[in-house]
Amino acid sequence: MNSVEADRGKVRLRPPRNVLDQRVVGWWRLQGTLLWATPVLVLVVLGLLVKPARFWLLTPAAVFAVLGLVWVVAMPLWWFKVHRWEVTETAVYARSGFFWQEWRVAPMSRIQTVDTLRGPLQQLFKLATVTVTTASARGAVKIRGLDQELAASLVEQLTETTQATPGDAT
Amino acid sequence: MTSGEFEGWSTLDKRTLAVTALTMTGAAVGAAIPTTLAIVGGGGRLWVALAWVVAGGVILIGGGVLTELFYWKGVRYRVTPDRLETAFTLVFRSRKALQRERIRNVDLTANPLHRLFGVAVVTIGTGLHESGGQGRIKLNPVSRAEAERLRADLLRRAEIAETDEDAPLAELDRGWIRYAPMSFLTPALGLAAGGGLMQVSEWAGLRKGLIDWVIGLFRGIPLVVAILILLAIAMVVGVVGALGLWIEMWWNYRLDRESGGTLRVRRGLFTTRSISIEESRMRGIDLVEPLGNRISGAARVDAIATGMRQSDGKEKTDYHTLLPAAPVAIADRVAATVLREPVSPTEAVRLTGHPRAARGRLLRWWVGSVVILLAIFALLGLLLTDVLLVIGAALGVVLLPVSVLLALDAYRNLGHGITGRYLVGRHGTVRRSTFALEREGVIGWTVKQSIFQRRKGLLTVVATTAAGGGAYAVYDAGEEQGLLFAEESVPELLAPFLERV
């Protein structure tokens, strides 16, 4: 839309260097399947039980099933392209979101805690979420879907770096 | 209980028992009246009703005082050279300690009963993420003198605690009360009063009577006029309520700077409050102008400070407000003085406007919301009754132009800039907020972009900080504009992730 300006050194945020672990696609697909299967199953069961309303229950079930299928197949691939992360010597940088994209930067010197979280589904895929918090209640950077071992070493690295930085991080 | 273990520890003030007894009596009386009315109204005899109510009241008051007695007996506190400790001993033992060097605020509150008995509630906080009250100790209550002593002692202001001769930074001007009714609180209070009346009449079993009475009163008057009259009454009640609330909140307001480097706000008619903010914790100010105030040239000043007491949800503005709605010139002056700047950064800054695409977005948002509202009216009107169609049409005639005006105003208000040590951002129309945040207080950036914004080349830049609300946003800036602003205001932070193509 502003191709003219683009030629004259336009500034933009560059994507973070690293992608998430490939297995994250599977994790998202499983989540999506569970999310979409619930209403479909409820509608199908009701449709089989309630004869007079069968058409009005099974039709939306079919629509949901098709939408869900498209969602489960296509969306995770898109998300995989959007979600990226990077840790430099000075900051943690991550891009997430989808309809609403978000780039978050937290400088090393302001990091307060580094946590990992492994949900039950993530366990299945050997994935982990790394959360980096700062003194701001709203400044946390989350990287969802790293390989568990990579996450562990990342936490170790971040903890060492931040401990070496003086100050109370506010 | 007074064994050697607690040698040198203090207890809370014993007068708390009297306060509790009176509070519980008040609650008991408050509950007794509707209960009695309900029993009598339901066909019960008066003496039966009274017997129940008195028995209930005695249990309530006795139980309350007894609980308070155990609480009072259980709580001990002491101030050591480096810690404030409390202990609670009742079946279980628990202890809590705050490092004195971490204590950031000591706030005193005294409601009318507390003041009657000369006591005050002291809340001591470290201001760290306080969910669950972890970093906070509440002494409920201690004597007034002890409260002042604790405040001075814990904020290490002992030597200057009594030196209030300096002129205050700001003092209440009673004329400011004119700004009180110009808020959304007014209609809300009016409607709440109406709702409350209905509720009480229902408890008393008189609801139907009340409605009949009102209908009888308006017999022969067209429905629309009757509704307008009722709304007018609600507005009057709301105005009275807003004035009363303002008097209760802001009476005897004064803002002081104590020479140890603390800002202190004192205010309140019945319930008095004293709120202290260490100046070294100040990271900026937020100049807030709700629409009603802005039209009449008034603004409020909120502090952006780290370690502020986190509000408990509903009383959000309470602890941050340094100055209630006052003429803009005064607000600017107070903001400047508080930040120790010659001119308030919100006044000194030259704000850069945002691209025209932002105007389109705001117009679509405002007009779109009205259209959705009208569509709901139209749909319900077609399905149910024509009256809704008429109301919807009337609303449309009023709201559509208003929404366009608000959108244009919101666009005019969008802006950002850098001045000296501060970055400044402004947005909003119904509640315009101009924040000035110290550049050194920025501890991260979040850049947000929805797909609609991407198509228009806009983005929202959010500075995260440990202070105040935790994040301050510049909405709908141009892509390049927003990123360059972030880069310029805190140079080393975002720069490594920017590329020039």
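**Exercise 1. Place A:Pro76 in its helix and find out whether A:Pro76 is buried or exposed.**

Step 1: start with the element. A:Pro76 belongs to helix 3 (residues 54-82) of chain A; helices (H or I, at least four residues) and strands (E, at least two) are DSSP runs, numbered from the N terminus. This is a predicted model, where local features need pLDDT of at least 70, side-chain atom pairs count only at pLDDT 80 or more, and totals for chains, interfaces and linings use all residues. Residues are numbered from 1 along each chain as its sequence is written, chains are lettered from A and ligands numbered from 1 in the order in which they are written, and side-chain values use heavy atoms, with hydrogens and water left out.

Step 2: check the surface. A:Pro76 has a relative accessible area of 1% and is buried (buried means under 20% relative accessible area, exposed over 50%, partly exposed in between; 1.4 Å probe, protein chains only).

Step 3: list the neighbours. Leaving aside residues up to four places away in sequence, A:Pro76 touches A:Val25, A:Trp28, A:Arg29 and A:Trp71, contact being heavy atoms within 4.5 Å.

**Exercise 2. Work out the strand order of the open sheet in chain B and name its edges.**

Step 1: recall the rule. Strands of a sheet pair through backbone hydrogen bonds, either parallel or antiparallel. Here two strands pair if DSSP finds at least two bridges between them.

Step 2: begin at strand 13 (residues 298-305) of chain B. Strand 13 pairs antiparallel with strand 12 (residues 282-290) of chain B over six bridges, and with strand 14 (residues 321-327) of chain B over four bridges, again antiparallel.

Step 3: go on from strand 12 of chain B. Seven bridges link strand 12 to strand 17 (residues 431-438) of chain B, and the two run antiparallel.

Step 4: assemble the sheet. The six strands of chain B come in the order 14-13-12-17-16-15, with antiparallel pairing. Strand 14 and strand 15 (415-419) of chain B each have a single partner strand, so one side of each is left without a neighbour in the sheet.

**Exercise 3. Determine how far strand 13 of chain B is covered.**

Step 1: count. Eight of the eight residues of strand 13 are buried.

Step 2: split them by face. B:Ala298, B:Arg300, B:Asp302 and B:Ile304 lie on one side, B:Ala299, B:Val301, B:Ala303 and B:Ala305 on the other, and all are buried. Both faces of strand 13 of chain B are therefore covered.
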